[in-house]
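The following paragraphs lead through the structure shown below, from its overall architecture to its helix contacts and then to its internal spaces.

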Amino acid sequence: LDTPEYQEAAEMLDSLNTAGFTYVYANRNASLTDADKESRRMAFFDELDKLDDALAKSKGPFRLGEEFTGLDAIMVPTLER
């Protein structure tokens, strides 16, 4: 899909993925301080809040409304991790 809504949702998913992986792998980086790890955790939760808001505003159970899209297919495994 090449709509502004799809592009916005794709960018949000990219941000969520980045924040999630940055947070998950923070514990494997011994050079990070506890404050760094907490910052990454909060950034991830901020992205989850944005997703939650977007889902609440959608006109259906899926990210872009009533129809399941590729974004939903990508998002589900990411959120299950």
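Read from the N terminus onward, the protein has the pattern α-α-α. Its secondary structure amounts to three helices and zero strands. The model is a predicted one. Taken along the principal axes, the C-alpha atoms fill a box of roughly 45 × 20 × 20 Å.

The packing of helix H1 against its two partners may be taken in turn, beginning with the pair H1 and H2. The axes of H1 and H2 come within 8 Å, with a crossing angle of roughly 150 degrees. Because this angle is over 145 degrees, H1 is roughly antiparallel to H2. The crossing of these two helices is left-handed. On the H1 side, the contact is made by Met12, Ser15, Leu16, Ala19, Gly20, Thr22 and Tyr23. On the H2 side, these residues meet Lys37, Arg40, Arg41, Ala43, Phe44, Glu47, Leu48, Lys50, Leu51 and Ala54. By class, the contact of H1 with H2 comprises nine nonpolar, three polar and five charged residues.

The second partner is H3. Helix H1 covers residues 4-24 and helix H3 covers residues 70-80. Their axes come within 11 Å and cross at roughly 15 degrees. An angle under 35 degrees counts as roughly parallel, and H1 is therefore roughly parallel to H3. Here too the handedness can be stated: H1 and H3 form a left-handed crossing. Tyr6, Ala9, Ala10, Leu13, Leu16 and Asn17 are the H1 residues of this contact, and they meet Leu71, Ile74, Met75, Thr78 and Leu79 of H3. The residues of the contact of H1 with H3 divide into nine nonpolar and two polar, with no charged residues. Leu16 takes part in the contact of H1 with H3, and Leu16 also belongs to the contact of H1 with H2.

What space is enclosed within the structure? A search of the whole structure finds one cavity of 30 Å³ or more, and the volume of the largest cavity is about 50 Å³. Its lining consists of Ala9, Met12, Leu13, Leu16, Leu51, Arg63, Leu71 and Met75. H1 and H3 are the elements that give two or more residues to this lining, and H1 provides the largest share, four residues. Seven of the lining residues are nonpolar, none is polar and one is charged. Several residues of the helix contacts reappear here: Ala9, Leu13, Leu71 and Met75 line the cavity and are among those that join H1 to H3, while Met12 and Leu51 line the cavity and are among those that join H1 to H2.

Open pockets complete the description. The largest pocket holds about 230 Å³ of space. It is lined by 12 residues, of which Glu5, Ser58, Arg63, Leu64 and Gly65 are the closest to its centre. H1 and helix H2, which covers 34-57, each supply at least two residues of this lining. By class, the lining has three nonpolar, three polar and six charged residues. Arg63, among the residues closest to the centre of this pocket, also lines the cavity.

The second largest pocket has a volume of about 160 Å³. Leu16, Asn17, Gly20, Phe21, Val24, Tyr25, Phe44, Thr78, Leu79 and Arg81 form its lining. Two or more residues of this lining come from each of H1 and H3, and the largest share, five residues, belongs to H1. The lining divides into six nonpolar, three polar and one charged residues. Among its members, Asn17, Thr78 and Leu79 also take part in the contact of H1 with H3, and Gly20 and Phe44 also take part in the contact of H1 with H2.

Technical notes
Residues are numbered from 1 along each chain as its sequence is written. This is a predicted model: local features need pLDDT of at least 70, side-chain atom pairs count only at pLDDT 80 or more; totals for chains, interfaces and linings use all residues. Side-chain values use heavy atoms; hydrogens and water are left out. Axes are lines fitted to C-alpha atoms, for helices over the stretch in contact, and angles run from 0 to 180 degrees between N-to-C directions. Angles under 35 degrees count as roughly parallel, over 145 as roughly antiparallel, 65 to 115 as roughly perpendicular and the rest as oblique. A crossing is left-handed if the near helix is turned anticlockwise from the far one by less than a right angle, and right-handed if clockwise. Contact means heavy atoms within 4.5 Å. Ala, Val, Leu, Ile, Met, Phe, Trp, Tyr, Cys and Pro count as nonpolar, Asp, Glu, Lys and Arg as charged, and the others, Gly among them, as polar. On a 1 Å grid over the protein atoms alone, a cavity is a set of points where a 1.4 Å probe fits but cannot get out, and a pocket is an open set with protein on both sides within 12 Å along at least five of seven lines; lining residues have an atom within 4 Å of a point. Grid points are joined across faces, edges and corners, and a volume is the space filled by probe spheres set on the points.
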